[in-house]
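Subject: Structure handover

Hello,

Here is the structure I promised to pass on. Please open it alongside this message, and then read the notes below.

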Amino acid sequence: MPLAQRLPKLGGFKNRFKKVYAVVNLTKLNRFEDGATVEPDQFYEVGLARQGLPIKLLGTGKLRRTLTIKTHAASDSARSAIEAKGGTVTLLEMDGGADRSAPTAPSPARGEGEAPPAEGEE
C-alpha cells in the first residue's frame, strides 16, 4: 500500500475568527408579553440562550406579539417579520473590542498638526 494511504489523516481547517451565536427563532419570542422590550439578559434568564453568547434572531416560525428587541444580529426575514407586527429590532455592539473592518483615522505625519517652532528653538 502506498505511503500516502498509510499515514494518518490530519484534522481540517479551524477558523479562528468564526462568530458563534445563540440562535433564537421567532416562535420562541411568543413567550414574552405583548409590547415588552426584550434584551439579551432576558434571553439568558428564560433559557433561550447560553450566558455570554451573542444572540442572533432567525425568521423561522410565526410571531404573534409586538416586541421591541435588542439583539446582536438578526436575519432579514426575522427583522421584516418583527417590523410587520409593529415591533422594532435594535442591533447591539459585539463585545471584544473595535470592529477590525471599520476604517480608522490616519495619524498625522511627523511635523503635521504641530505648532511651528518658536524663534531660537529647533
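Let's start with the sheet. Three strands form an open sheet in the order E2-E4-E6, and their pairing is parallel. E2 and E6 (88–91) are the edge strands, each with a single partner, so one side of each has no neighbour in the sheet. Keep in mind that this is a predicted model.

Now look at how E4 meets E6. E4 covers residues 68–71, and four bridges join this strand to E6. The two strands run parallel. One pairing to look up is Ile69, whose bridge partner in E6 is Val89. In general, strands of a sheet pair through backbone hydrogen bonds.

Next, the aromatic rings. How many aromatic pairs does the structure hold? There is one. Phe32 and Phe43 form this pair, and its geometry is edge-to-face. The ring centres are 6.1 Å apart, with 80° between the planes. The pair links distant parts of the chain. Phe32 sits in the loop between E1 and E2, while Phe43 belongs to helix H2 (residues 40–46). Eleven residues separate the two in sequence. Both Phe32 and Phe43 are buried.

The loop between E1 (22–25) and E2 (37–38) also holds Asn30. Is Asn30 buried or exposed? Its relative accessible area is 6%, so Asn30 counts as buried. The side chain of Asn30 reaches the backbone nitrogen of Arg64 at 2.8 Å. Beyond its neighbours within four places in sequence, Asn30 is in contact with Lys62, Leu63, Arg64 and Arg65.

Then turn to Pro54. You will find Pro54 in the loop between H2 and strand E3 (55–58). Its relative accessibility is 15%, and because buried means under 20%, Pro54 counts as buried. Which residues does Pro54 touch, not counting those up to four places away in sequence? They are Val20, Tyr21, Ala22, His72 and Met94. Take Ala22: Pro54 and Ala22 are 32 residues apart in sequence, yet their C-alpha atoms are 6.1 Å apart in space.

Tyr21, one of the residues that Pro54 touches, has a further partner. Lys56 lies over the face of Tyr21, at 5.8 Å from the ring centre.

If you want a route through the model, begin with the E2-E4-E6 sheet. Go on to the pair of Phe32 and Phe43. Finish with Asn30 and its link to Arg64, then Pro54 and the residues it touches, including His72 and Met94.

Best wishes

How values were computed. Residues are numbered from 1 along each chain as its sequence is written. This is a predicted model: local features need pLDDT of at least 70, side-chain atom pairs count only at pLDDT 80 or more; totals for chains, interfaces and linings use all residues. Side-chain values use heavy atoms; hydrogens and water are left out. Buried means under 20% relative accessible area, exposed over 50%, partly exposed in between (1.4 Å probe, protein chains only). A polar contact is a pair of N or O atoms within 3.5 Å; within protein, one must be able to donate a hydrogen and the other to accept it, and residues adjacent in sequence count only if both atoms are side-chain atoms. Contact means heavy atoms within 4.5 Å. Two strands pair if DSSP finds at least two bridges between them. Rings of Phe, Tyr and Trp (its six-membered ring) pair if their centres lie within 6.5 Å; planes under 30 degrees apart count as stacked, over 60 as edge-to-face and the rest as tilted. A charge sits over a ring if NZ of Lys or CZ of Arg is within 6 Å of the ring centre and within 35 degrees of the ring normal.
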